[in-house]
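The following questions and answers concern the structure shown here. Each answer sets out its reasoning before giving the result.

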Amino acid sequence: MSLKNCHNFEDFRKLAKKKLPSPIFHYIDGGSDDESTLRRNTDSFNECDLVPNILASVGKPDLSTTLFGRKIDMPIFLSPAAMQRLYHPDGDRASARAAEKFNTFYSMSSMGNNTIEEVSNISSGPKLFQLYVHKDRSISDDLIERSRRSGFDAMCLTVDTLVAGNREKDHRTGFTTPPKLTLQSLMSFAMRPGWVFNYLTGKRFELSNVKKKTDKGTNIAKSVIEYINEQYDPAMGWKDAEYCAKKWNGPFALKGVMSVEDAKKAIDIGCTAIMISNHGGRQLDGSRSPFDQVKAISDAVGDKLEIILDGGVRRGTHVLKAIAAGAKACSFGKMFLFSLAAGGQKGVEHLLQNMHDEIKRNMVLMGCKNLKELNNSKLIYRK
Amino acid sequence: MNLKNCHNFSDFRKLAKKKLPSPIFHYIDGAADDEITYARNTSAFDDVDLVPNVLRGVENVDLSTTIFGKKLDLPFYLAPTALQRLFHYEGERAVGKAAQKFNTMFGVSALATVSVEEISSMIDTPKMFQFYFHKDRGLNDSCLERAKAANFDVMALTVDTITGGNRERDLRTGFTSPPKLTLASLYSFATKPMWGINYLTKGKFELPHLQDFVKEGTDVNSSIGNYFSTMLDQSMNWKDAENLCSKWGGHFALKGIMSVEDAKRAVDIGCTGIMVSNHGGRQLDGSRAPFDQLAEIVDAVGDKLDVICEGGIHRGTHMLKALSIGAKACSGGRLYLYALAAGGQAGVERAIEKYKAELVRDMKLMGCTKISDLNRDNLRFRR
């Protein structure tokens, strides 16, 4: 199996599984507890149907939209994801370059393995920085300042990770960062010598953007769960979010908003966008899926905020449904991480090309010339 | 397993799978993307239940119905499907003769492998010609004139293939027309020698309605998706459909209508029928199932033109449900294609006989003696 046989999510997932040591594959692949929210994130798209219009002489549909004040060529982008060098030696460099090529957003995680400055130098495409509020506030302040200096377009604050979710696959595989060899995982690493070679011969693994401020996650083997619980401030409140929004003073989103009430509060503290997300089903299992919730939130605040649906998206038609239900754009993490593991920058580009082609094809089949025409009337929910 | 063990849709499917080289089987069996819509087309029938009436004296059941001004002995007909000689060497000849035997309508595809002239000289039951709107207007005119000269009763313009669907099984198996041997498919062709012998010895494979105009699909290996995307005119609009309708000057239908709005426009441009269809789930995955959408469309236009429910039908009771909602008739492709592959004319006849027996039995169990006895009082929707 190779990249050119990858036609969909499942194909990329399979290829990633072949290439990655199992603790690392399962770190991407897993959700929390019983993973029922993880599954629902995608299943929820299947309970409503698109209704196409025929003979609409669409020609070439326009897939572009504006997000965070920038025009992007299609309504999808790469969600922030931590530690991308674990998945491919090029890490964030690969995903940033791929996103730039398709003129859409690349997002950098606070827990990236490349520095803000480095990525800014290699990509002039749209860029979003993802922020966590650390117990040590100077860490967050520093990240905001550096993102500004480096020309990032927008900032999002993750609000669904006050404590780490119960990712049971990580308990079983013993996933830590940097990866720790256990007897159990030894076999899996040994079977993927290519990964190990790249990992050991590449740049030293580190959480580049926070390394001056903390040695956690860099020198000692820590599970992500321990890291989150140690470093992030569970007492973070609306005041802290407002502080970050004001300090950034540009396009700003809360990532992980699920209730209509919180979406309204986001407007009050000065957000320009929200990302409806349950962190890819990796935090609170049993919580609602973004697609199940997007219409209610869009009806309430869609005219005041840009709404991004994050989670469960695997197909062009999922994007079409999200937009018809009121989202401005969709983002995804797992899917692009699998493509990154499968083939680095080429892998991510292959995925973005597939998604672009699917969205375009399906717009034509829907009889829609642009994303504005994809409204509520094109969607019927099964009772 | 042989024909006499085939009692239902899935039996015919199994036998077809045994007889056909896998790229060809999967061309019939597959659908777009994740095949969610394909599955829903059938499962939609399970969300509604039939409510029988007893003690009605049901000794004689009349299954006849009238569509497009023609009386059929059965409330279903054989939908137009492409490339039938790939599935059995008798191709359209087998299907046409079977339709004749049961006095129902035979739909002939623009991509048929037997000419309209030959079919017309062979059978005198009602015939529908299925039309694709090509970029080449000379080809369009030729199709229209030949179908008219061959005394076809109905012209159906397909409107849901404005671009090719994403049929991932074909991507994997490398399905093309005519079939191309690849290393991957060689084994599958080699293990089905009878198919190969018949294909090579029973006359040259051709597309008689196209061959004077194009090389695609006749000399050159071409995928069907590629044919849709490159040969058909994507700028086709309502004006074009209206012109075709008046040029034909007889019974005219649009095949692939899903929205109420479009159904009303079909009335306006002079159509006498529509097929509520999503092309068997082979085009836009995530789109609505014909049966889910049927009631709305029948309510809007059922008194002005013949509404036909096409797609997902595997059982006599599925037809009873669609007819109870107000469809004038049902149709399907896979409904008889597996049977064609399984046993040629005898296979198609056996399939029709089985569906007919189911209809007669189920009409009696419902307490109905004629199709017009069926109405929505017979149905309860679960939700």
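Q: What percentage of the 383 residues of chain B count as buried?
A: In this predicted model, a residue counts as buried if 20 or more other C-beta atoms lie within 10 Å of its own. Of the 383 residues of chain B, the share that meets this criterion is 53%.

Q: Why does the radius of gyration of chain B agree with that of a compact globule?
A: For 383 residues, a compact globule would have a radius of gyration near 21 Å. The C-alpha atoms of chain B fill a box of roughly 60 × 50 × 40 Å along the principal axes. Chain B agrees with the globule value because its radius of gyration is 20 Å.

Q: Which strands are the edge strands of the open sheet in chain A?
A: The open sheet of chain A has eight strands with parallel pairing, in the order β4-β11-β10-β9-β8-β7-β6-β5. An edge strand pairs on one side only, and in chain A this applies to β4 (76–78) and β5 (106–108).

Q: Which residue of β7(A) stands opposite Q130(A)?
A: Strand β6 (residues 127–131) of chain A runs parallel to β7 (residues 154–158) of chain A, and four bridges join them. Opposite Q130(A) in β7(A) stands C156(A).

Q: What angle does the direction of helix α12 of chain A make with that of β8(A)?
A: Helix α12 (residues 260–268) of chain A packs on the sheet and touches β8 (252–257) and β9 (273–276) of chain A. Between the directions of α12 and β8(A), the angle is about 165 degrees.

Technical notes: Residues are numbered from 1 along each chain as its sequence is written. Chains are lettered from A and ligands numbered from 1 in the order in which they are written. This is a predicted model: local features need pLDDT of at least 70, side-chain atom pairs count only at pLDDT 80 or more; totals for chains, interfaces and linings use all residues. Two strands pair if DSSP finds at least two bridges between them. Helices (H or I, at least four residues) and strands (E, at least two) are DSSP runs, numbered from the N terminus. Two residues are in contact if their C-beta atoms, placed from the backbone, lie within 7 Å. Axes are lines fitted to C-alpha atoms, for helices over the stretch in contact, and angles run from 0 to 180 degrees between N-to-C directions. The radius of gyration is taken over C-alpha atoms; the globule rule is 2.2 Å times the number of residues to the power 0.38. A residue is buried if 20 or more other C-beta atoms lie within 10 Å of its own, exposed if 12 or fewer, and partly exposed in between; C-beta atoms are placed from the backbone.
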